[in-house]
Amino acid sequence: MDYKKKILITGGAGFIGSHLVRLFVNKYPNYQIVNLDVLTYAGNLANLTDLEKKSNYSFVKMDIVDASSIQELFETEQFTDVIHLAAESHVDRSITNPTEFVMTNVIGTVNLLNSAKHIWNDHFEGKRFYHVSTDEVYGSLGNTGMFEETTAYDPHSPYSASKASSDHFVRAYFDTYGLPSVISNCSNNYGSYQFPEKLIPLFINNIQNNKALPVYGKGENIRDWLWVEDHVRAIDLIFHQAELGTTYNIGGHNEWTNIDLIKLLCEIMDKKLNRKTGESEQLITYVKDRAGHDLRYAIDSSKLQKDLGWKPSLQFEEGLTKTVEWYLENSEWLNSVTSGDYQKYYNEQYQKR
Ligand code: NAD
Ligand code: DAU
């Protein structure tokens with residue numbers, strides 16, 4: 001078949017990447033989708049078993065840090081577009097091992113930019129490099145205000161510093177070489193297939209297993225939560241419609257203190273597990289705060305809403321309930337990702353607190 005586009009999606013075996021790959025493979029049968037992922041602890045092909053037989057989908061196991069293999073792949077495949085999600089994504093891990101974040105998030109991104117620039121060779125018509133980034137690059141808010149696309153970068157964790165750096169490189173390649181790029185910066189995602197090191201799936205798993213719920217500090221930090229399927233819908237719109245060289249913020253207008261979110265989660269879990277009201281809340285344990293813990297994130301997504309007509313589709317309570325149901329129904333998935341190395345990570349991360 002003659003495909004209209006050949007799109008490289010990096011990090012497609014991870015949480016957001018797997019939702020994006022699924023959306024694109026099913027919605028655009030005339031696009032050929034190549035999912036490139038090195039399959040770290042966070043990458044899992046079991047997230048995509050429903051796509052294995054799709055003729056417009058293929059998978060390549062490769063490390064974006066390996067410049068020569070990436071270059072060779074671009075030369076062979078002649079991608080028309082790149083949507084780049086592959087990254088080390090967990091703030092706590094970046095505090096323990098910052099260098100790994102520099103390698104994947106900065107060097108890996110530069111390798112992809114170089115290869116795209118090389119094969120497109122100044123023939124940029126109809127080409128696009130979409131870099132998926134985070135609101136954490138903007139730093140931390142006080143009690144008021146929101147992150148806008150023009151907010152100055154002020155990253156605090158090694159994770160956000162590495163993502164900020166990668167964003168700067170993407171913009172530098174646009175300004176210097178005219179490489180056709182767009183960037184989006186999104187708030188905290190939640191939903192199915194999220195690795196249970198992040199707050200919501202970690203706490204669902206712990207509640208289910210009657211384990212302590214380690215709340216950092218006083219639980220007063222605020223995050224702006226967005227359902228992952230709303231994020232990938234926004235990526236679809238931005239990929240197809242955004243003007244080159246632009247940035248879009250994506251967020252749920254849905255701010256929660258961690259402790260209020262955790263209490264809501266406990267309430268939903270009590271109902272789903274037929275526990276007495278208040279039973280799961282007893283697992284809440286306040287532990288040592290995360291180093292450099294950003295107080296508050298809040299995204300102003302009005303540009304995206306106005307330009308491209310996007311808005312979040314789900315109320316948080318509804319989305320959180322759907323998410324809990326998914327994890328309870330997919331205990332096999334949860335068990336498979338929490339066996340092996342996960343226990344070692346968990347003990348090292350939480351014993352010291
Ligand atoms: P994730 O950790 O679930 O998935 C990352 C994927 O990248 C994994 O499949 C992993 O195997 C792959 N990967 C890691 N290093 C690689 C390498 N060197 N080469 C090839 N593949 C590699 O992450 P996620 O939560 O799905 O986030 C995806 C992207 O979205 C990231 O760039 C992240 O910064 C960004 N983002 C995430 C959120 C969120 O709330 N999760 C919010 C905004 C932006
Ligand atoms: O804002 C977007 C970012 O959201 C993404 O770029 C990151 O990839 C993603 O991991 C997420 O970062 P956070 O650090 O906000 O997410 P996390 O789920 O790790 O933590 C959410 C909040 O919960 C944060 O304030 C820390 C707190 N927390 C987290 C864990 C894992 C706890 O209190 N206890 C925990 O055990």
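This tour moves through a predicted model, starting from its largest nonpolar core, passing to ligand 2 and ending at Glu-149.

**The largest core**

Begin by selecting Ile-200, Leu-213, Leu-265 and Phe-316, which, within the largest nonpolar core of 37 residues, touch the most other members. Then colour the elements that each supply at least two residues of this core, namely helix 6 (199-208), strand 8 (213-216), strand 9 (222-227), helix 8 (258-272), strand 12 (284-287), helix 10 (316-329), helix 11 (331-337) and helix 12 (341-351). Helix 8 deserves a separate colour, since with eight residues it gives the most to this core. In soluble globular proteins, nonpolar side chains tend to be buried together.

Next, centre the view on Ile-200 and show what surrounds it: leaving aside neighbours within four places in sequence, Ile-200 is in contact with Tyr-190, Trp-225, Leu-261, Leu-265, Phe-316, Leu-320 and Thr-323. Apart from the largest core lies another core, this one of 33 residues, and to find it you can select some of its members, including Ile-9, Tyr-130, Leu-226 and Tyr-248.

**Ligand 2**

Now select ligand 2 together with the 26 residues around it, of which Asp-135, Tyr-159, Arg-290, His-293 and Tyr-350 come nearest. By class, this shell is made up of 11 nonpolar, eight polar and seven charged residues, and helix 3 (91-96), helix 6 and strand 8 each supply at least two residues of it.

Which side chains place a polar atom within reach of an oxygen atom of ligand 2, and at what distance? For Tyr-350, a polar side-chain atom lies 2.6 Å from an oxygen atom of the ligand; for Asn-188, an N or O atom of the side chain is 2.8 Å from a ligand oxygen; and for Asn-258, the corresponding separation is 2.9 Å. If you switch on a surface here, bear in mind that ligand 2 taken alone exposes 690 Å², and that the protein buries 95% of that.

**Glu-149**

Finally, move to the loop between strand 5 (128-134) and helix 5 (158-177), where Glu-149 is found. Not counting residues up to four places away in sequence, Glu-149 touches Tyr-138, Thr-247, Tyr-248, Asn-249, Asp-300 and Lys-303; one of these, Tyr-248, you have already selected as a member of the 33-residue core. Draw a distance between the C-alpha atoms of Glu-149 and Thr-247, and you should find 6.5 Å, although the two are 98 residues apart along the chain. As a last step, display the backbone of Asn-249, whose nitrogen the side chain of Glu-149 reaches at 2.9 Å.

Methods. Residues numbered from 1 in each chain as written. Chains lettered and ligands numbered in written order. Predicted model: local features only at pLDDT ≥ 70, side-chain atom pairs only at ≥ 80, totals over all residues. Heavy atoms only, no water. Core = buried A, V, L, I, M, F, W, Y, C linked by side-chain atoms within 4.5 Å. Buried < 20%, exposed > 50% of the residue type's maximum accessible area, 1.4 Å probe, protein only. Helix = DSSP H or I, 4+ residues; strand = E, 2+ residues; numbered from the N terminus. Contact = heavy atoms within 4.5 Å. Near = heavy atom within 4 Å. Polar contact = N/O pair within 3.5 Å; in protein donor to acceptor, adjacent residues only side chain to side chain. Areas by Shrake-Rupley, 256 points an atom, 1.4 Å probe, with all protein chains shown as cover. Nonpolar A, V, L, I, M, F, W, Y, C, P; charged D, E, K, R; others polar.
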